[in-house]
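Student: I should like to work through the packing in this model, step by step. May we begin once the structure is displayed?

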Amino acid sequence: MKDDNFLKENNAKHLWHPMGHPGDSLKNPPTIIKGADGVHISDLDGHRVVDAVGGLWCVNLGYSNDVVKDAISKQLYDLPYYSAFAGSTNPTAIEASYAVREFFAEDGMARCFFTSGGSDSVETTLRLARQYHRLRGEPTRTKFLSLKKGYHGTHFGGASVNGNNRFRINYEPLLAGCYHLPSPYTYRNPFNETDPEKLAQLIAQAMEDEIAFQGANTIAAFIMEPIQGAGGVIVPGETFMPLMRDICDRHGILMISDEVITGFGRTGDWTGARHWGVKPDMMSTAKGITSGYFPVGAALMSEKVADVFEKDTTGEAAIFHGYTYSAHPVGAAAVVACLSETLRLDTKTNAAARGTQLYQGVLKLAEKHDIIGDVRGGHGLMTGIEIVSDKAKKTPMDMATMKRIHQTAYDAGAMVRLGMHNILMSPPLTISEDEVNTILSALDAGFSAA
């Protein structure tokens, strides 16, 4: 590797970074993360902090799981790559598919389609949802419903069902036939409703109205995150997802649970849908499937969906969709090892306990700092803090202040993530009580610097 001077000199000069302005990266070079261990990351200057972001909602096992690393390393020597397009497969892909099905059996998932990540997985579920209805003789079912504030990746399909205009406006026109319902966001919603259960009913009524307006026979699927992640860690009332499931069932609409963030224990349960007691028709997964150690995702199908494809006699059920790296043998080896370690460590239990600690700790900080407008979380290791300049008016905090909070927290020992005027946290599920306290102390310092 080149020396530190080379890295600093060339930082952001040749690489465009996701989710940022190229010009800003040149003026304010990104922090260079050089190493990691446990739940800590270290930058080029040797500053070591707790990673309260978990990489990007994904490093569930922390950075030091040698079982997964060794599985990846061994597979590179055994079979570094081969195509999994129809006609060939590999041993680890077969084993990984079995492990994934076993992991999600309680959710009713029966088949998996491996991808390279979350955006790919979402794209796969959307495409297969349309094909499912065509195979059943309902080709008019092509539209999609989703929630505002939702995040479903950045492919054209995912961006089209995304509910945040930051990912849409500069890339329009997007996919036709995508319609958005209000988010179960009690702090800000068009109904001015703060009760989560009442808000759930209002959104359910809006969904029924939209279905009646569009025509149920034109809608293929409804996609939602069980807890909205990038939108600000928006936790719905416990009746919300079951209500959506019931509406989908009554109108013949597939329900897609986007578990890219919420899967694999982050909510305190193995899946977000399971957390709310719902069995979807399809799931999109990624991130925690390999703890971020290798880029893998998986689209999952229920037995109901699988039957339509596998029992088709028209010849139209061939899946002409896929990726060069679908069922990549190295990625598959990472999946097998990661799922085994996830179950062995029972990470969901620690996620529930430490998530409660983090949430309650931030609630105490809200009593001290008036800039905290809303605190969301309490369901596993997903916590969002909405920062405002005027609490009565709920005025979003300016970006200069948000960056000052972020930098001060980093200097004080914790890397957190900014989502506009929200602070988002999703630390590794292996985090300890003391390490959560370090995050809280760093946040306190950040808020004091606002």
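Student: This is a predicted model. What is the handedness of the crossing in which H4 passes H12?

Tutor: On the side of H4, the contact is made by Val67, Val68, Ala71, Ile72, Gln75 and Leu76. On the side of H12, the residues are Pro329, Val330, Ala333, Ala334, Ala337, Cys338 and Glu341. The crossing of H4 and H12 is right-handed.

Student: At what angle do helix H4 and H12 pack, and is the pair roughly parallel or roughly antiparallel?

Tutor: Helix H4 covers residues 66-78, and its axis lies 8 Å from that of H12. The two pack at an angle of about 155 degrees. Angles over 145 degrees count as roughly antiparallel, so H4 is, relative to H12, roughly antiparallel.

Student: Helix H5 also packs with H12. Which handedness does the crossing of H5 and H12 have?

Tutor: Helix H5 (residues 91-103) and H12 have axes 8 Å apart, at an angle of about 35 degrees. From H5, Thr92, Ala93, Glu95, Ala96, Ala99, Val100 and Phe103 meet a set of H12 residues that includes Pro329, Ala332, Val336 and Leu343. The crossing of H5 and H12 is left-handed.

Student: Which helix gives the largest share of the largest nonpolar core?

Tutor: The largest nonpolar core has 66 residues, of which Met207, Phe222 and Met244 touch the most other members. The largest share of this core is eight residues, and they come from helix H12 (residues 329-345).

Student: From which domains does this core draw at least three residues each?

Tutor: The domain assignment gives domain 1 as 31-61 + 346-448 and domain 2 as 68-344. At least three residues of the core come from each of domain 1 and domain 2.

Student: How many residues of domain 2 are in contact with domain 1?

Tutor: The C-alpha centres of domain 1 and domain 2 lie 26 Å apart. On the side of domain 1, 33 residues take part in the contact. On the side of domain 2, the number is 34.

Student: Is H8 roughly parallel or roughly antiparallel to H9?

Tutor: Helix H8 (residues 196-214) and helix H9 (residues 240-251) have axes 9 Å apart and a right-handed crossing. Met207 is among the H8 residues at this contact, and Met244, Ile247 and Cys248 are among those of H9. Their packing angle is about 20 degrees. Angles under 35 degrees count as roughly parallel, so H8 is, relative to H9, roughly parallel.

Student: Which residues does Met207 touch, not counting residues up to four places away in sequence?

Tutor: Met207 is one of the three residues that touch the most other members of the largest nonpolar core. With that exclusion, the residues touched by Met207 are Leu145, Leu181, Phe222, Met244, Ile247 and Cys248.

Student: Does Gln131 count as buried or exposed?

Tutor: Gln131 lies in helix H6 (residues 118-135). Beyond four places in sequence, Gln131 touches Phe309, Glu316, Ala317, Ala318 and Ile319. The cut-off for burial is under 20% relative accessible area, and Gln131 has 15%, so this residue counts as buried.

Student: How far apart in space are Met402 and Met420, C-alpha to C-alpha?

Tutor: Met402 lies in helix H14 (residues 399-411) and is buried, with a relative accessible area of 0%. Its contacts beyond four places in sequence include Ile387, Leu418, Met420 and His421. Met402 and Met420 are 18 residues apart in sequence, and their C-alpha separation in space is 8.1 Å.

Methods
Residues are numbered from 1 along each chain as its sequence is written. This is a predicted model: local features need pLDDT of at least 70, side-chain atom pairs count only at pLDDT 80 or more; totals for chains, interfaces and linings use all residues. Side-chain values use heavy atoms; hydrogens and water are left out. A nonpolar core is a set of buried Ala, Val, Leu, Ile, Met, Phe, Trp, Tyr and Cys residues joined through side-chain atoms within 4.5 Å. Buried means under 20% relative accessible area, exposed over 50%, partly exposed in between (1.4 Å probe, protein chains only). Helices (H or I, at least four residues) and strands (E, at least two) are DSSP runs, numbered from the N terminus. Domain bounds come from an automatic or database domain assignment. Contact means heavy atoms within 4.5 Å. Axes are lines fitted to C-alpha atoms, for helices over the stretch in contact, and angles run from 0 to 180 degrees between N-to-C directions. Angles under 35 degrees count as roughly parallel, over 145 as roughly antiparallel, 65 to 115 as roughly perpendicular and the rest as oblique. A crossing is left-handed if the near helix is turned anticlockwise from the far one by less than a right angle, and right-handed if clockwise.
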